[in-house]
Amino acid sequence: MARIKGIPVTLISKVKTGNDPFGGPIYEEQEIIVDNVLVSPTSSDEVLNQQNLTGRTSVYTLAIPKGDTHTWENQEVRFFGKRWRVFGIPLEGIESLIPLDWNKKVTVERYE
């Protein structure tokens, strides 16, 4: 049996670089490549549940590899040549109790 392998996903994180003349924060985008991320289409039941709860349409669910310490909540990601926005709280399991290489999952919607 072949081993399951994810794809590289670009996490676009906003980093505060200073303040404008009125005291508002200025952010710069920082791109971080995260390897071995599983990407799967969201099931129709999950799409309906998310839409009823949040009003947003979930398109893909990303499984994040164990040991990843990046912030995923309210971030943007790029894969399949398109830009996506993470919404909701990342769901995380206990690393030592999960047998495969992924212990966290996030949901994304299309972002243009």
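Buried means under 20% relative accessible area and exposed means over 50%, with partly exposed in between. With that scale in hand, welcome to this structure, which is a predicted model. R78 has a relative accessibility of 29%, so R78 counts as partly exposed.

## The overall plan

Let us start with the whole chain. The protein has 112 residues, and buried residues make up 31% of them. There are 6 strands and 1 helix, and along the sequence they follow the pattern β-β-α-β-β-β-β. Its accessible surface comes to about 7400 Å², with 53% of that belonging to carbon and sulfur atoms. How much of the contact count comes from residues 24 or more positions apart? Among contacts with a separation of 6 or more, such residues account for 58%.

## Salt bridges between strands

Next come the charged side chains. The whole structure holds 6 salt bridges, and the table shows some of them.

| Salt bridge | N to O distance |
|---|---|
| E76 and K14 | 3.4 Å |
| R78 and E31 | 2.9 Å |
| R85 and E76 | 3.9 Å |

Take E76 and K14, whose side chains meet at 3.4 Å, N to O. This pair links distant parts of the chain: E76 sits in strand β4 (residues 76–79) and K14 in strand β1 (residues 7–19), 62 residues apart. Are the two partners buried or exposed? E76 has a relative accessible area of 5%, so E76 is buried. K14, at 44%, is partly exposed.

The salt bridge of R78 with E31 has its closest N and O atoms 2.9 Å apart. Here, too, distant parts of the chain are linked, with R78 in strand β4 and E31 in strand β2 (residues 25–41), 47 residues apart. E31 is partly exposed, with a relative accessible area of 47%, and R78 is partly exposed as well, at 29%.

E76 returns in a salt bridge with R85, where the closest N and O atoms are 3.9 Å apart. R85 is partly exposed, and its relative accessible area is 26%. Through shared partners, salt bridges join K14, E29, E76, R83 and R85 into one network.

One residue of strand β1 is worth a short stop: S13. S13 is buried, with a relative accessible area of 14%. Leaving aside residues up to four places away in sequence, S13 touches E28, E29, Q30, I32 and Q75. E29, one of these contacts, is also a member of the salt-bridge network.

## Rings that meet

Now for the aromatic side chains. A pair of aromatic rings is described by the distance of the centres and the angle of the planes. The structure has 5 aromatic pairs. Y60 and F79 form one that is edge-to-face, at 5.7 Å centre to centre and with 80° between the planes. Y60 lies in strand β3 (residues 60–65) and F79 in strand β4, so this pair links distant parts of the chain, 19 residues apart. F79 is buried, with a relative accessible area of 4%.

Y60 also pairs with F80: the ring centres are 5.7 Å apart and the planes stand at 70°, so this pair is edge-to-face. Because Y60 lies in strand β3 and F80 in the loop between β4 and β5 (82–92), the pair ties together parts that are 20 residues apart in sequence. Y60, F79, F80 and W84 form one aromatic cluster. W84 has a charged companion, too, with R110 lying over its face at 5.5 Å from the ring centre.

## The nonpolar core

The last stop is the interior. In soluble globular proteins, nonpolar side chains tend to be buried together. The largest nonpolar core here has 15 residues, and L62, W72, V77, F79 and V108 touch the most other members. Which elements give two or more residues to this core? They are β1, β2, β3, β4, β5 and β6 (102–110).

F79 brings several of these threads together. Not counting residues up to four places away in sequence, F79 touches I7, V9, V39, Y60, L62, W84 and V108. Two of these contacts, Y60 and W84, belong with F79 to the aromatic cluster. L62 and V108, also touched by F79, are among the core residues that touch the most other members.

Conventions:
Residues numbered from 1 in each chain as written. Heavy atoms only, no water. Salt bridge = Lys/Arg side-chain N within 4 Å of Asp/Glu carboxyl O. Helix = DSSP H or I, 4+ residues; strand = E, 2+ residues; numbered from the N terminus. Buried < 20%, exposed > 50% of the residue type's maximum accessible area, 1.4 Å probe, protein only. Contact = heavy atoms within 4.5 Å. Phe/Tyr/Trp six-rings, centres within 6.5 Å; stacked < 30°, edge-to-face > 60°. Lys NZ or Arg CZ within 6 Å of the ring centre and 35° of its normal. Areas by Shrake-Rupley, 256 points an atom, 1.4 Å probe, with all protein chains shown as cover. Core = buried A, V, L, I, M, F, W, Y, C linked by side-chain atoms within 4.5 Å.
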